[in-house]
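Here is a friendly walk through how some helices and strands fit together in one protein chain. Have the viewer open while you read.

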Amino acid sequence: MKYLSEYRDPVLAQKVIENIKKISHTPVNLMEVCGTHTVAISKNGIRQVMPKTVTLLSGPGCPVCVTANEDIDKAIWLARQSGVILATFGDMMKVPGSYSSLSAEKAEGVDIRVVYSTLDALQIADDNPDKKVIFFGVGFETTSPTIALSILEARKRGLKNYSVLARHKLIPPAMAALLSLGEVKLHGFICPGHVSTIIGSKPYKFIAEEHGIPCVISGFEPLDVLQTIYMLVRQAENGEARVEVQYKRSVRSEGNTTALKILDEVFEVCDADWRGIGIIPNSGFKLKEDYSDFDADKIFDVEVPPPKDDPPGCSCGEILRGVKFPYQCKLFGKACTPERPIGPCMVSSEGACAAYYRYGTG
Amino acid sequence: MCLGIPAKIVKIDERQIAEIEIGGIIRKASLQLVPEAKVGDYVIAHAGFAIQILDEKEAQETLKLLEAFSEIPE
Ligand code: SF4
């Protein structure tokens with residue numbers, strides 16, 4: 001398959017691994033920020049073939065996992081209001097909030113619809129003029145333009161019954177927050193390929209320049225990830241800290257300017273609450289004042305009881321900060337499995353616990 | 001949920017909705033984020049939208065760089 005199989009050649013992969021081994025002398029901790037990378041690394045057994053000097057840590061890059069309990073509680077509260085249809089992406093359904101989950105509510109008869117795209121949510125609004133359709137919008141910079149577009153489209157079509165509960169998050173501020181927490185010593189970031197397809201390479205510059213941490217934007221096939229690790233190790237060994245792009249076939253330095261313009265039209269940056277980390281300044285998107293008639297936070301007076309912490313024993317917070325490996329959680333694979341997940345990191349297909357469970361702990 | 005997959009554009013309608021082919025399966029994706037995309041282009045599809053056109057030349061360059069690993073003497 002074009003743009004896929006070429007980057008899966010096992011003979012070439014072996015060569016890249018040998019070269020990583022050859023140039024790596026000093027121990028480094030490299031963090032993959034994106035959940036899709038966590039899956040790619042686990043699935044292809046990349047952790048297992050690394051030299052002893054290279055440790056790969058998983059970061060907070062799964063939007064489902066980092067959604068705070070309180071925000072899930074709010075989505076559930078909204079879904080329960082009469083005359084409301086709540087639409088969201090499938091991954092959000094099973095994640096437990098403080099008191100319930102969207103799928104448990106749906107089983108109770110609450111009108112919650114899983115959609116593949118925001119355009120499907122608009123269609124639901126079109127088809128149900130007597131109902132209020134709320135889209136529970138989570139996701140990083142990759143997904144937020146698709147939500148922004150749905151708002152522009154709703155205004156264009158004159159839809160009065162569509163709104164968004166916007167809980168979008170931005171990756172570079174979260175990377176900086178992890179560095180300032182100082183809990184883990186990092187020597188390089190494997191930066192997310194599709195977030196960067198939208199934002200470009202510039203937003204990572206301050207991480208390289210001010211924090212002195214090498215950043216390489218990576219594709220998702222095994223050879224992409226291996227080449228990225230090689231590039232990061234090379235920078236670390238040379239004492240450099242730059243932003244490099246491995247995933248050049250998709251990432252332009254300026255990003256996707258059409259998408260960025262749309263984001264800028266609809267959203268403004270705000271503080272956001274991350275599970276396991278807390279409030280990170282300027283790390284989220286909210287709707288601009290001009291779009292408040294599409295803002296579920298403004299249209300409804302949401303009232304939820306104070307959120308509860310993660311279930312006892314669940315280490316998702318530490319896993320999202322790269323402080324613990326999934327297998328270091330005492331519930332991992334015992335009380336907590338993908339069939340009976342306890343925390344979001346096991347629920348989401350891109351969660352670190354689910355990836356380690358499915359493909360081995362390496 | 002951030003999964004993005006390379007897909008080939010096979011058809012575009014007047015509302016900028018494309019039929020895209022992913023491993024022999026046809027799906028739909030909006031081209032509003034890549035208005036310049038044409039039939040035959042490969043795009044990254046994510047949550048019902050194409051988010052970028054893949055750059056053939058850059059793809060070849062990356063492969064060339066990767067292949068150079070084989071030539072580094074032992
Ligand atoms: S294994 Fe389960 S309980 Fe433990 S951190 Fe992961 S999701 Fe939470």
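Please keep in mind that this is a predicted model. A good place to begin is the contact between helix 8 and helix 13 of chain A. From helix 8 of chain A come A:Ser144, A:Pro145, A:Ala148, A:Leu149, A:Ile151 and A:Leu152, and they meet A:Ala259, A:Ile262, A:Leu263, A:Glu265 and A:Val266 in helix 13 of chain A. Sorted by class, this contact holds nine nonpolar, one polar and one charged residues. The two helices pack at an angle of about 60°, and their axes are 9 Å apart. Because angles from 35 up to 65 degrees are neither roughly parallel nor roughly perpendicular, helix 8 of chain A counts as oblique to helix 13 of chain A. The crossing of this pair is left-handed.

Helix 8 of chain A has another contact to look at, this time with helix 7 of chain A. Their axes come within 9 Å and cross at roughly 30°, which makes helix 7 of chain A roughly parallel to helix 8 of chain A. This crossing is right-handed. On the helix 7 side, A:Thr118, A:Leu122 and A:Asp126 take part; their partners in helix 8 of chain A are A:Thr146, A:Ile147, A:Ser150, A:Glu153, A:Ala154 and A:Arg157. By class, the contact has three nonpolar, three polar and three charged residues.

The table puts the two helix pairs of chain A next to each other.

| Helix pair (chain A) | Axis angle | Axis distance |
|---|---|---|
| Helix 7 (residues 118-127) and helix 8 (residues 144-157) | roughly 30° | within 9 Å |
| Helix 8 and helix 13 (residues 257-266) | about 60° | 9 Å |

Now to the strands. Chain A has an open sheet of five strands in the order 2-1-7-8-9, with parallel pairing. Which strands stand at the edges? They are strand 2 (54-58) and strand 9 (243-245) of chain A; each has a single partner strand, so one side of each is left without a neighbour in the sheet. On average, and with direction ignored, neighbouring strands of this sheet are turned by 25° against each other.

Within the sheet, strand 1 (residues 28-32) and strand 7 (residues 188-191) of chain A run parallel and are joined by three bridges. A:Leu30 stands opposite A:Gly188 in strand 7 of chain A.

Finally, a helix meets this sheet. Helix 12 (residues 222-237) of chain A lies across strand 1, strand 2, strand 7, strand 8 (215-217) and strand 9 of chain A, and it runs at about 160° to strand 8 of chain A.

Terms used
Residues numbered from 1 in each chain as written. Chains lettered and ligands numbered in written order. Predicted model: local features only at pLDDT ≥ 70, side-chain atom pairs only at ≥ 80, totals over all residues. Heavy atoms only, no water. Axes fitted to C-alpha atoms, helices over the stretch in contact; angles between N-to-C directions. Helix = DSSP H or I, 4+ residues; strand = E, 2+ residues; numbered from the N terminus. Parallel < 35°, antiparallel > 145°, perpendicular 65-115°, else oblique. Left-handed = near helix turned anticlockwise from the far one by under 90°. Contact = heavy atoms within 4.5 Å. Nonpolar A, V, L, I, M, F, W, Y, C, P; charged D, E, K, R; others polar. Pairing = 2+ DSSP bridges.
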